[in-house]
Amino acid sequence: MSVPAAHASGLLMLLSHPARLRAFAELARHGRDGCTIFEMTIHLDLPRAEVVELLGRLVGAGVATGTGDGVYRVVPDVLREAAQALDRAQPIAALLSEYPQLKPFFSHGRLNSLPPTLSDRYQQAAELFARFLAVDGVLTEPEVNDRIARAADDVAAVRRMLVETGWLERDRSGSSYGSARVLPRSPSLSNA
């Protein structure tokens, strides 16, 4: 895992605690005005010592700031940046950047829907996954499924798309797969 992805994961773990999430949400609700410890004890209905500990953890993690005047504020865009770091850490992210027209079909580095079957984008999605799988030789169905599952939840639909578009070839029993054609040059290299 990359350092930015590990940091993002840590932020998500920090905010998975209900009281810390409530404190973060309350600070976010107050925006640039921020909140004092006293105001947070009222809004969160928690003892002062607990609020101080919550705010200290948020500041320590870099998702909030505390100033000398006792006002705490959320650090703008910290969660967006964390989500983007996690997106970039997804295994298909580098290849997906070469297929910008397919981005609407992905969410956080995972395929969430297939393009229409008879469209150019369906063919492009198949090529993207063929590149992602990088089949060299013969793979068993579980091996193909494991590779697809790293970037898509509907493994069977992606596998079927790869076979239908001619990127994968399966044996008669359907238990092993191989590359059915040679991949063309990368789209980014083709445009150079």
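Me: In this predicted model, a salt bridge is a side-chain nitrogen of Lys or Arg within 4 Å of a carboxyl oxygen of Asp or Glu. How many salt bridges does this rule give?
Reply: The rule asks for a nitrogen and a carboxyl oxygen within 4 Å. One of the pairs is arginine 110 with aspartate 153. By this rule the count is 6 salt bridges.

Me: How far apart are the closest N and O atoms of arginine 110 and aspartate 153?
Reply: Arginine 110 and aspartate 153 form a salt bridge. The cut-off is 4 Å. The closest N and O atoms are apart by 2.7 Å.

Me: Which parts of the chain does the pair of arginine 110 and aspartate 153 link, and how many residues apart are they?
Reply: Arginine 110 sits in strand 5, residues 110-111. Aspartate 153 is in the loop between helix 8 and helix 9. These are distant parts of the chain, and the separation is 43 residues.

Me: Why is helix 7 described as roughly perpendicular to helix 8?
Reply: Helix 7 covers residues 120-133 and helix 8 covers residues 141-149. They pack with their axes 10 Å apart, at an angle of about 110°. Angles of 65 to 115 degrees count as roughly perpendicular. That makes helix 7, relative to helix 8, roughly perpendicular.

Me: What is the handedness of the crossing of helix 7 and helix 8, and which residues make the contact?
Reply: The crossing of helix 7 and helix 8 is right-handed. Helix 7 contributes Phe129, Phe132 and Leu133. From helix 8 come Val144, Arg147 and Ile148.

Me: How do the residues of the contact of helix 7 with helix 8 divide into nonpolar, polar and charged?
Reply: Phe, Leu, Val and Ile count as nonpolar, and Arg counts as charged. Arg147 is on the helix 8 side of the contact. The split is 5 nonpolar, no polar and 1 charged.

Me: In what order do strands 6, 7 and 8 stand in their sheet?
Reply: Strand 6 (138-140) and strand 7 (168-170) are the edge strands, each pairing on one side only. Strand 8, residues 176-179, pairs with strand 6 over 3 bridges. Another 3 bridges join strand 7 to strand 8. The sheet is open and antiparallel, in the order 6-8-7.

Me: Which residues of strand 8 stand opposite threonine 140 and arginine 170?
Reply: Strand 8 runs antiparallel to strand 7, and its pairing with strand 6 is antiparallel too. Opposite threonine 140 stands serine 176. The bridge partner of arginine 170 is tyrosine 177.

Me: Which residue in the hairpin of strand 7 and strand 8 takes a positive phi?
Reply: This hairpin has 5 residues between the strands. The phi in question is near 75°. The residue is glycine 174.

Me: At what angle does helix 8 run to strand 6?
Reply: Helix 8 lies across strand 6, strand 7 and strand 8. Its angle to strand 6 is about 85°.

Me: Why do strand 1 and strand 2 each have one side without a neighbour in the sheet?
Reply: The strands form an open antiparallel sheet in the order 1-3-2. Strand 1 (35-36) and strand 2 (64-66) stand at its edges, so each has a single partner strand.

Me: What is the bridge partner of threonine 36 in strand 3?
Reply: Strand 1 and strand 3 (residues 71-74) pair over 2 bridges, in the antiparallel sense. The partner of threonine 36 is valine 71.

Note on methods:
Residues numbered from 1 in each chain as written. Predicted model: local features only at pLDDT ≥ 70, side-chain atom pairs only at ≥ 80, totals over all residues. Heavy atoms only, no water. Axes fitted to C-alpha atoms, helices over the stretch in contact; angles between N-to-C directions. Helix = DSSP H or I, 4+ residues; strand = E, 2+ residues; numbered from the N terminus. Parallel < 35°, antiparallel > 145°, perpendicular 65-115°, else oblique. Left-handed = near helix turned anticlockwise from the far one by under 90°. Contact = heavy atoms within 4.5 Å. Pairing = 2+ DSSP bridges.
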